[in-house]
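Biologist: Please take a close look at one contact between the two chains, and then set it beside other contacts of the same kind.

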Protein chains: 2
Amino acid sequence: MTSMVQQRRRGRPPKSNDGYSLTRQRLIREGVAALTEKGFVASGLEELLTRAQVPKGSFYYYFSSKEAFGLVLIDAYAAYFNAKLDRWLKEEKTEPVERLQNFIGDACQGMERHGFRRGCLVGNLGQELVALPDEYRTALRDVMRGWEERLTACLLLVDPIRACDWARFFWTGWEGAVLRARLERSAAPLRDFEDGFIRLILAP
Amino acid sequence: MTSMVQQRRRGRPPKSNDGYSLTRQRLIREGVAALTEKGFVASGLEELLTRAQVPKGSFYYYFSSKEAFGLVLIDAYAAYFNAKLDRWLKEEKTEPVERLQNFIGDACQGMERHGFRRGCLVGNLGQELVALPDEYRTALRDVMRGWEERLTACLLLVDPIRACDWARFFWTGWEGAVLRARLERSAAPLRDFEDGFIRLILAP
DNA sequence: CATTTAAAAGACGATCGGTCTATAAAATGC
DNA sequence: GCATTTTATAGACCGATCGTCTTTTAAATG
């Protein structure tokens with residue numbers, strides 16, 4: 001529980017850096033979870049700070065603003081998601097299409113584990129772009145481009161000519177499927193999308 | 001401009017009802033626009049009231065809460081969108097697939113007209129469900145079911161067996177395509193999705 | 001040991017959402 | 001004709017939240 005969290009003492013921290021970046025990491029971890037579940041605007045700072053057990057002064061010590069914080073969270077989420085994609089899409093003992101299906105299976109389980117409350121941080125922020133600085137648009141685009149590249153590399157083994165179009169199509173529709181899965185509280189929309197997509201790329 | 005708006009006088013309004021539902025309708029119109037652009041939480045009441053030139057007391061006279069207001073907006077949006085779908089998908093002089101393509105073309109123009117700032121009210125609220133009452137989930141599901149039924153009816157003419165699956169697939173992915181179009185500020189994602197979808201349903 | 005540095009801490013002021021009372025003018029009924 | 005009711009406008013008020021900013025604290029440094 002929260003009583004297990006090692007609370008940071010006031011004053012300058014001792015010289016050892018290793019144990020003392022916990023505050024910032026805790027903020028990032030809680031921030032990613034909040035943005036994945038609620039998006040940016042609905043993620044109030046007070047609640048986040050309470051969850052992370054970090055005083056507001058410390059938050060603003062580490063991040064110049066809530067918006068700057070959000071950009072850091074996008075990077076953190078991208079790193080996490082890219083690692084996940086690499087794990088599944090670069091599995092050389094598996095057929096390319098099956099690699100994608102394994103990723104989808106893992107995604108279904110992940111959403112189910114969180115009661116379909118968590119979606120995709122990128123999708124959430126994408127809906128809120130009007131209220132966010134333009135840097136967010138660039139950051140989110142880059143993340144999705146990275147996803148497309150990874151899937152393209154995987155699907156090149158299926159069809160070198162269409163891989164790129166397929167990858168773009170997949171990630172475009174995938175955001176809709178994640179949104180729908182949260183709405184329905186079911187993995188069925190993800191599976192529906194998978195079925196349709198597989199049928200598309202296996203069509204003559 | 002705003003100076004053209006007929007401002008409502010204090011006191012009980014005259015008996016003629018026709019000209020005097022303008023306040024409520026104005027709120028609904030501005031509300032739908034705000035939710036389509038920013039979603040629920042980011043649509044502050046103060047800004048909305050300023051835009052509609054309606055005092056806060058009047059807002060709470062017509063709607064018991066911001067959340068009740070949102071439900072009314074969902075209905076209003078559904079009515080508007082269903083009318084649009086009917087216009088395009090029931091056009092009997094046009095081939096079924098072309099009807100869908102005409103709807104997509106219209107949607108592309110609509111988004112472009114608004115500088116890709118407006119997306120889909122249902123998609124926006126779908127991302128915010130965690131922060132909204134459960135009635136919203138039901139309402140949004142019903143709206144999307146209605147869309148699926150309309151497209152199914154249209155695609156029955158193409159393939160009676162798969163029409164329903166296709167319609168579900170389409171609307172699931174469509175939300176992702178709208179989201180991506182806003183992110184990219186371009187109709188290309190909508191077109192990409194259209195291409196893939198048409199290829200899917202025309203495959204043997 | 002005085003000063004600097006690094007991080008925690010929380011008070012503060014502005015803004016906003018929701019509540020709620022007052023106001024105003026037409027309708028209604030006696 | 002007038003008191004009362006009805007209908008909608010109007011905005012003050014309060015509590016919560018966000019971002020700002022100064023103070024506090026403790027270790028490092030010279």
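Modeller: In this predicted model, α8(A) passes α7(B) in a left-handed crossing (the near helix is turned anticlockwise from the far one by less than a right angle; clockwise would be right-handed). The helices are DSSP runs of H or I with at least four residues, strands being runs of E with at least two, both numbered from the N terminus. Helix α8 of chain A covers residues 163-184 and helix α7 of chain B residues 134-155, and their axes lie 10 Å apart at an angle of about 125°. Axes are lines fitted to C-alpha atoms, for helices over the stretch in contact, with angles from 0 to 180 degrees between N-to-C directions. α8(A) and α7(B) are therefore oblique to each other (under 35 degrees is roughly parallel, over 145 roughly antiparallel, 65 to 115 roughly perpendicular, the rest oblique). On the α8(A) side the contact (heavy atoms within 4.5 Å) is made by Arg180(A), Arg182(A), Leu183(A) and Glu184(A), which meet Arg137(B), Leu140(B), Arg141(B), Met144(B), Arg145(B) and Glu148(B) of α7(B). By class, this contact of α8(A) with α7(B) holds three nonpolar, no polar and seven charged residues (Ala, Val, Leu, Ile, Met, Phe, Trp, Tyr, Cys and Pro are nonpolar, Asp, Glu, Lys and Arg charged, the others, Gly among them, polar).

The relation between the chains gives this contact its setting. A turn of 180° with a shift of 0.0 Å along the axis lays chain B on chain A with an RMSD of 0.1 Å (least squares on C-alpha atoms of residues with pLDDT of at least 70 in both). That is the relation of a two-fold axis. Of the interface residues of chain B, 100% are also interface residues in chain A, so the copies meet through the same surface.

Within chain A, which has nine helices and zero strands, two further contacts may be set beside it. The axes of helix α5 (residues 96-113) and helix α9 (residues 188-202) come within 11 Å and cross at roughly 170°. That makes α5(A) roughly antiparallel to α9(A). From α5(A), Val97(A), Leu100(A), Gln101(A), Ile104(A), Gly105(A), Cys108(A) and Met111(A) meet Leu190(A), Arg191(A), Glu194(A), Phe197(A), Ile198(A) and Ile201(A) of α9(A). The contact of α5(A) with α9(A) divides into nine nonpolar, two polar and two charged residues.

Helix α1 (residues 22-38) and helix α2 (residues 45-52) of chain A cross at roughly 130°, their axes coming within 9 Å. α1(A) and α2(A) are therefore oblique to each other, and α1(A) passes α2(A) in a right-handed crossing. Here Arg26(A), Leu27(A), Glu30(A), Gly31(A), Ala34(A) and Lys38(A) of α1(A) meet Glu47(A), Leu48(A), Leu49(A), Arg51(A) and Ala52(A) of α2(A). The contact of α1(A) with α2(A) has five nonpolar, one polar and five charged residues. Overall, the C-alpha trace of chain A spans about 65 × 35 × 35 Å along its principal axes.

Residues are numbered from 1 along each chain as its sequence is written, and chains are lettered from A and ligands numbered from 1 in the order written. Local features need pLDDT of at least 70 and side-chain atom pairs pLDDT 80 or more, whereas totals for chains, interfaces and linings use all residues, and side-chain values use heavy atoms, without hydrogens and water.
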